[in-house]
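User: Could you take a close look at the aromatic rings in this model for me, and at what surrounds them? I'd like one connected walk-through.

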Amino acid sequence: MASRLHAFNRFELKYLVPVEEAAEIRDELAQRMDRDLNSPVGGYGVWSLYYDTPQLRFYWEKIEGLKFRRKLRVRHYGNLDGVTDDSPVCVEIKQRVNRVTQKRRITLPYGVARQLCDGRQMIDHSAKESAFVQEVLELVVRLNLQPTAITGYQREALVGRGADTGLRVTFDRRIRGRDRDFHFGTPNPENRFTIPPHLSVMEIKVNERTPYWVTDLTARRNLSLIRVSKYVQSIEAFGRAPRSVFHVNEADHPPAPSTPISPTPVPQPLPTQRTAPHAPWKAGAQ
């Protein structure tokens, strides 16, 4: 059996920007970057089911900023309509080692992924996949991991070209989730926004260093790095834990006031004119 295991390391920088500004930044970046081949116009859906202990161990490790931490999730790309046990998903371990983000994942049919993570059963795998599959099973059994939260959002992605091939920039909007109905195929699930819908998360991902022109763009637009986790945001948005410094409060990021539309100016009679009784009606009509 061919190996389906995929692994990579990278640095990640996150920014919280209004949706309108994110579109401007995306268009500016597109002059020096290419659209990800898997990212159609308008983006694609990303849905993740996070597992955690009953005591929310992975959540608290993130809050406490442990230099080494892990979390387990099952991820589906695309629309959730029509998800079946045969739909492809990724079982993924995302871990942080100091400042480096590491991801290891394996692509499986959804039914097989549920057999591994929910049923806690060994699945068929290749020799190259053995260590990863056994690690997932060991984590689930030893820590008594359970489905805890689902997050979903619409993503647009750009990739670097030429000397910037290790660069990837994503824009996530309409970030929402739920704390129940954990099957991806649940009909009409009740999702709610976990980050205000007028905001998007821009993430710069690099293998080594951020290109100077990207750093210049963030400085020119006065963007500030933010510590935000979609999983942490979901836990706190649904009241599973006290809100922390990671939580995005809508009051701290209110939407920009919309510019009022000026009414059409009403023509006024010249000072020397005598105004007929019906003139105001005519002016209003004009």
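Analyst: Sure, let's start with the rings. There are four aromatic pairs in the structure, which is a predicted model. One of them is Y50 with Y231, a stacked pair with 4.9 Å from centre to centre and 25° between the planes. That angle counts as stacked because the cut-off is under 30 degrees.

Where do these two tyrosines come from? Y50 belongs to strand β3 (residues 44-52) and Y231 to helix α6 (residues 230-237), so to speak of distant parts of the chain is fair: the two are 181 residues apart. Are they buried or exposed? Y50 has a relative accessible area of 4%, so it is buried, and Y231 is buried too, at 2%. The cut-off behind both calls is under 20%.

Next up is Y110 with F184. Their ring centres lie 5.3 Å apart and the planes make an angle of 25°, so this pair is stacked as well. Y110 sits in helix α3 (residues 110-117), while F184 is in the loop between β8 (168-178) and β9 (192-193), so the pair ties together parts 74 residues apart in sequence. Both Y110 and F184 are buried.

Y110 has a charged partner too: the charged end of R114 sits over its ring, 5.6 Å from the centre. A lysine does something of the kind elsewhere, with K230 lying over the face of Y153 at 4.6 Å from the ring centre.

Now back to α6, the helix that holds Y231. Its axis and that of helix α2 (residues 57-64) come within 10 Å and cross at roughly 110°. The two helices are therefore roughly perpendicular to each other, since the range for that label is 65 to 115. As for handedness, α2 passes α6 in a left-handed crossing.

Which residues meet there? On the α2 side they are Y59, K62 and I63, and on the α6 side Y231, V232, I235 and E236. So Y231 turns up in two roles, because it stacks on Y50 and also takes part in the contacts between α2 and α6.

To put this in the setting of the whole protein, the secondary structure comes to seven helices and 10 strands. Of the 286 residues, 45% count as buried. Among contacts with a separation of 6 or more, 70% are between residues 24 or more positions apart. The Y50 and Y231 pair, at 181 residues apart, and the Y110 and F184 pair, at 74, are both links between separate parts of the sequence.

How values were computed. Residues numbered from 1 in each chain as written. Predicted model: local features only at pLDDT ≥ 70, side-chain atom pairs only at ≥ 80, totals over all residues. Heavy atoms only, no water. Phe/Tyr/Trp six-rings, centres within 6.5 Å; stacked < 30°, edge-to-face > 60°. Helix = DSSP H or I, 4+ residues; strand = E, 2+ residues; numbered from the N terminus. Buried < 20%, exposed > 50% of the residue type's maximum accessible area, 1.4 Å probe, protein only. Lys NZ or Arg CZ within 6 Å of the ring centre and 35° of its normal. Axes fitted to C-alpha atoms, helices over the stretch in contact; angles between N-to-C directions. Parallel < 35°, antiparallel > 145°, perpendicular 65-115°, else oblique. Left-handed = near helix turned anticlockwise from the far one by under 90°. Contact = heavy atoms within 4.5 Å.
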